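Here is a friendly walk through a few parts of this protein, from an annotated domain to some strands and helices. Please keep the sequence and the 3D view at hand as you read.

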Amino acid sequence: MDFLRLDSSAAEPLYRQIYTRFRSAIADGLLQPGDRIPAARALALELGLARGTVESAYALLTAEGYVEARGQAGTVVTPALARRPNGSGSLPSSGPASASAVRTASAPAPAPAHSQLGDAASSTKPFQMGIPALDAFPRKVWARLAARAARAMQPQDMIYPAWAGLPELRIAIATYLQLARGIHCTPSQVFITSGYRNSMELITRALLTPGDSVWVEDPGYPPTSDLLRETGLHPVPVQVDADGMMVAHGIATAPRAQAAVVTPAHQSPLCVSLSLPRRLALLDWAAQSGAWIVEDDYDGEYRYVSRPLPALQSLDRHGRVLYSGTFSKVLFPALRLAYLVVPPAQVPRFDHISRTLAMAGPALMQHIVADFMNEGHFARHIQRMRRLYAERRQITADGLSSVLGKQMQVEPQPGGMHLVLRMQSRHTDRALAQRMIDHGMSALALSERGVLPQTASASALLLAFTNIDTPQRARELGRRILKIMA
């Protein structure tokens, strides 16, 4: 265990240090598939740490597929890692960098001169997708920061902002991504956009050519395919199962595709996580074929069975992954702010394209978000929302199941912001979703999210739980659904 030398003075939490060191040891062959690792209690005593710190690291390693528990036999490195998908290479090394290095890295000088699954309506309806718990947003803190930013405005703040985004916001995002999502990047790799659609436009203009084929998940997020078609690209549906995108199906269908758009943390709309073997297979395919991977991490912070999984980008050794994040789910959609992390080698190309498109959004709003992050409000807000969503998720699932248990089954999910209710009766999801809309509720039909025969035939409702705050409310809505099913 010599590789487990921890730095108590580092900004990176100790559980993350344990996680990254184990992951590196597995990647570098110090730990082989099937090797037994110390029990959490024993390792905590050896390192002089609380047992919960080690258990948090082990839970993350287990959730991502690096280790597995074998009961009385202990915890071992996952034997299935002995053979890489497609039979090549070794596990990627994490290559961690210090958080202080991210904070001190200077952003480049300014260059010269569908949120997931549905847009917001003018007012929030029960079960409306893509809307966070707006009642829990710290509006007073936000108002104070906004007023302060407005009062501090100087003439130089009123000219055209930096094309790729304000340097202070790019630095704040780079620091946050390293600590929270396992992404090691410099601020120069971060590009601010005005939403997911603009991030995709930036990617397609910079890296793809009309006529290129792009893998998309099936079932998936329809606006992604629509955006690709509008830019002259050819979306290729790739089936999704319990382990996420079926990479083998994509290779068999379109092996020469130039890109793949995936939602690895919580697949949209099924909420399953892309398994470690599938992640490695996807990275292998991209490296071998020279393709790009767009990681749409629209709500990766919200995982309830363990700590949030590190991003797919953290496994990328070949510079093929572009990480797309958004503030729409963790703050509020009206911000219209998102960000894109590009591989280092692509920074000049994206600098050039962003200078042409100028899509970073209003400078004042960027200042407010940067202050919100730098003063610690952002991290605290996510922690609060993760606890709140875990509660509301359980409340909504229990309340609907108590009323609709014979008609629908709530499918267990590791995270996300909505529930998947599988139809158990003769009713179809499309007809019921439309009746719910007609009766003042919101719903999406899973069968409308699929193109392939295996996925288009699935029948389930997609219902957001973020704004269902009491058991009584959940049961009342369940009774309203039951009434229109009669």
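Two strands are said to pair if DSSP finds at least two bridges between them. Please also bear in mind that this is a predicted model.

## Strand β15 and its partners

Let us begin with strand β15, which spans residues 460-464. Because 5 of its 5 residues are buried, β15 is largely enclosed by the rest of the structure. A460, L462 and A464 point to one side of this strand, while L461 and L463 point to the other.

Which strands pair with β15? Strand β13 (residues 418-423) runs antiparallel to β15 and is joined to it by 5 bridges, with V420 standing opposite L462. Strand β14 (residues 444-445) is likewise antiparallel to β15, through 2 bridges. Here A445 has L461 as its bridge partner.

## Strand β4 and strand β11

Strand β4 covers residues 190-193, and its V190 and I192 point one way. F191 and T193 point the other way, and all four of these residues are buried.

The pairing of β4 with strand β11 (residues 338-341) is antiparallel and extends over 4 bridges. Within it, I192 is matched with Y339 of β11.

## Two helices that cross

How do helix α6 (residues 167-181) and helix α12 (residues 363-374) pack? Their axes are 9 Å apart and make an angle of about 35°. The crossing of α6 past α12 is left-handed.

On the α6 side, the residues at this meeting are E168, L169, A172, I173 and Y176. Their counterparts in α12 are Q366, H367, V369, A370, M373 and N374. A reminder about helices helps in reading the α6 list: an α-helix has 3.6 residues a turn, so residues three or four places apart point the same way.

## Helix α8 and its surroundings

Helix α8 takes in residues 222-230, and its buried residues are P223, T224, S225 and L228. What do these buried residues pack against? The elements are α7 (196-207), β5 (213-218), β6 (234-241) and β8 (259-262).

After α8 comes G232, which has a positive phi, near 85°.

## A buried aspartate in a loop

D297 sits in the loop between β9 (292-296) and β10 (321-326). Is D297 buried or exposed? With a relative accessibility of 3%, D297 counts as buried, because the cut-off for that label is under 20%.

Leaving aside residues up to four places away in sequence, D297 touches R181, A265, Y323, S324 and G325. The C-alpha atom of D297 is also separated by 10.0 Å from that of S268, and these two residues are 29 apart along the chain.

## Cysteines

How many disulfides does a search of the whole structure find? The result is 0. Two cysteines can be looked at for their burial: C185 is buried at 4% relative accessibility, and C271 is buried with a relative accessible area of 0%.

## An annotated domain

An unreviewed UniProt entry carries the annotation "domain: HTH gntR-type" for residues 12-80. In the model, this span is 52% helix and 12% strand. The C-alpha atoms at its two ends lie 29 Å apart.

Conventions: Residues numbered from 1 in each chain as written. Predicted model: local features only at pLDDT ≥ 70, side-chain atom pairs only at ≥ 80, totals over all residues. Heavy atoms only, no water. Buried < 20%, exposed > 50% of the residue type's maximum accessible area, 1.4 Å probe, protein only. Contact = heavy atoms within 4.5 Å. Disulfide = S-S within 2.5 Å. UniProt positions renumbered as here; feature names shortened; annotations may be inferred. Axes fitted to C-alpha atoms, helices over the stretch in contact; angles between N-to-C directions. Left-handed = near helix turned anticlockwise from the far one by under 90°.
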